[in-house]
Amino acid sequence: MMKRTLSWLSAWAFASGLLMVSCSFPDENEDTDPIETGTIQLQFDNIVGNQDLQLDSTRYQNAAGEDFTVSKLNYYISNIKLTRMDGSVFTVPQDSSYFMIREADSQSQKLTIRNVLTGDYTGVEFLVGVDSTRSVMEPDSPGRKGILDIYAGPTNEEEMYWNWNPGYIFLKLEGSSDSSTTPNGKYYYHIGFFGGRTERTINNLRTVKLNFPGQKAIVTTSIVSNVIIQADIQKIFNGPTQLSIKTSPSLMFTDSTKYVADNYANMFNVKEIKIN
Amino acid sequence: MRKVTGILSFLAALLALAVSCSKKTDNPEPVVPPNDKPTPLQWTKPSYFPDPVYDLSKNPLTVEGVELGKFLFYDGILSRTDNIGCGTCHQQPAAFTHHGHDLSHGVDDRIGTRNAPSVQNMAWNTSFFWDGGVHDMDMVPPVPIQNKVEMDELVGNVVEKLKKTPVAGATKQVDYPKMFKAAFGSDSITADRMMQALSQFMMTMVSATSRYDYFLRGDASAMTAQEKDGLSIFKQKCASCHAGELFTDQKFRNNGLVPNRINDQGRYTITLNADDRLKFKVPSLRNVGLTAPYMHDGRFTTLEQVLDHYDNDKPGNKDSIFVSPTLDPLLNVAGQKRGINLTAAEKQSIIAFLRTLNDDDFIKDKRFSDPGIGTSF
């Protein structure tokens, strides 16, 4: 059914593409009321408690008293919405709303979102992970290209996708710990599961809503607000359910991954907004 | 006839579209003359098989596409070490399983956790692998390619390696850009095309020429009296799971095997549903006489052992059926000994029948054979 719908959709898209090719002419809509848009930046800063996160080199301690390093931290941010003072919502166009934050790649941490309606924004909302709609699309469809391409680019290189149980790994945290009971002393948290393709599975998609503290993110045609969002790795361990590396050195496809998702859903906060 | 006309007019419409669009695309490729177009390949199903599950309309078979798929299937370039192809563990003489290997054997002599299933009649699979995690044939190849103990490679790297062929000085010169161009009209090598070519090849791997098939088609002499006897016992006692002419109901069942050392939970690892614990996909029995060892972990080396397990009457072994909440009800009928009651003679007849499913043409068919680039161990 899905496939049929998709092929109709693609046929329709193809047909409309043809129409556009054959009928395109210069834009003559200059006289209508222009919708003013601008740009906003969401910058993710991964921290551990009150320290900046350093890959490999720094040893931290969680609330269970376990030491740990971080060798890899990746997570998807998607389905971004911005809320205005009057409670209305600007939804970032779906095709521009998928990102993967990688601690090892500073460029990936700065999300630049263009074509945002001008206004004063007081909050942001996003999904940690990739929604089920995109997760079940055919891998060769346009909606699964770019950062969501499972065969090329960061998703493939960072292995942020389970091929054997097709679905994106929403968040991947790996490192070493003296408390780990794996043969190599590493710990692995790969959190995925979007709710299932043919049968219902657990759903580890989490929506995060953040208010901008006492500040507005102003978007005009010339002012770009840079919203600094901190993600505190300590909270992955020390959330509603305390996570112990000794007890759970590897969490990938078990029910208890939902507690990790609950924890990291609470790791974000807006530190400040810079106006450029 | 009406269908043929329909197809023809559809093709004509497509051609018309292609002609009308050709000047408007910004594809830098030179226009391929009509005689360089991939040659369509007609795919027909055996009349007594169900309709295929795979959607051929999204990936119509061509001679060149199937040929490319065959090269990709056998080429070790798909693995990190460049020496393990699909055909390494899916060998034609063993009906595309790994003869003599209970568990899959990958790069650097790493050992997997499950027995390599047969690559045959893939067109009808509603799901793939022992746990049924994958539902689309196009998404099958990335699983062994990216599995750490099988081919341990990234699909993205494979694409880059394919682009760089032919490799100067290599013993096996394969020009993939040329083959992709022949198959798809342009030499752009993408993962999507690679998967489509592999699916095209796998679509052609149909096994339906066993002695049983000749019997089905009306040659009563194709099976002996014992084999026919075995067939009727099979239908009574085995066909509720190994159903239909593909000999599988495509469901996931717990057949009472004692969990192995790694306590493989099967389907549960996909759904995390407790009702799926210890369930594995019911395999097709076509070519079963050629695909030893058996079960998801290859624990049984002969069909006799398999039937002894189901019969649950091994001397000195109180109960070979492992009881757990998900044990298949068909093996656990109230007021009856667990398992499937079979006499020694019945077992022999069933096995004789199962061997009529061996398809000699299939395992010798040159269309499916290694074109000279494969590796095996």
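**Close-up views of a predicted two-chain model**

**View 1. The largest nonpolar core of the predicted model.** This core has 131 residues, and the members that touch the most other members are A:Tyr76, A:Val128 and A:Phe170. The element that gives the most to this core is helix α7 of chain B (residues 191–204), which supplies eight residues. Both domain 1 (27–207) and domain 2 (211–358) of chain B are represented in this core, with at least three residues from each.

**View 2. Surroundings of A:Tyr76.** Beyond its neighbours within four places in sequence, A:Tyr76 contacts A:Tyr98, A:Phe99 and A:Met100. A:Tyr76 also contacts A:Val128, A:Gly129 and A:Val130, together with A:Tyr168 and A:Phe170. Two of these partners, A:Val128 and A:Phe170, are named with A:Tyr76 as the core residues that touch the most other members.

**View 3. Chain A and its annotated region.** Chain A holds five helices and 17 strands. Of its 276 residues, 34% are buried. Among contacts in chain A between residues at least 6 apart in sequence, those joining residues at least 24 apart make up 73%. An unreviewed UniProt entry annotates residues 37–252 of chain A as "domain: Copper-binding protein MbnP-like". Over residues 37–252, chain A is 44% strand and 6% helix. The C-alpha atoms at the two ends of this stretch are 41 Å apart.

**View 4. Residues 1–30 of chain A and model confidence.** The mean pLDDT of chain A is 89, with 88% of its residues at 70 or more. Over residues 1–30 of chain A, pLDDT stays under 50. For these residues the model has seven contacts beyond four places in sequence.

**View 5. The two domains of chain B.** The domain assignment divides chain B into domain 1 (27–207) and domain 2 (211–358). Taken over C-alpha atoms, the centres of domain 1 and domain 2 of chain B are separated by 29 Å. In the contact between them, 22 residues of domain 1 of chain B meet 25 residues of domain 2 of chain B. On the domain 1 side, the residues that touch domain 2 comprise eight nonpolar, 11 polar and three charged.

**View 6. The contact between chain A and chain B.** Chain A contributes 22 residues to the contact and chain B contributes 23. On the chain B side, the elements giving two or more residues are α4 (142–146), α5 (155–163), α7 and α10 (268–271). The chain B residues that touch chain A divide into 12 nonpolar, seven polar and four charged. Helix α7 of chain B also gives eight residues to the largest nonpolar core.

How values were computed
Residues numbered from 1 in each chain as written. Chains lettered and ligands numbered in written order. Predicted model: local features only at pLDDT ≥ 70, side-chain atom pairs only at ≥ 80, totals over all residues. Helix = DSSP H or I, 4+ residues; strand = E, 2+ residues; numbered from the N terminus. Buried ≥ 20, exposed ≤ 12 C-beta atoms within 10 Å, placed from the backbone. Contact = placed C-beta atoms within 7 Å. pLDDT = per-residue confidence, 0-100. UniProt positions renumbered as here; feature names shortened; annotations may be inferred. Core = buried A, V, L, I, M, F, W, Y, C linked by C-beta atoms within 7 Å. Domains from an automatic or database assignment. Nonpolar A, V, L, I, M, F, W, Y, C, P; charged D, E, K, R; others polar.
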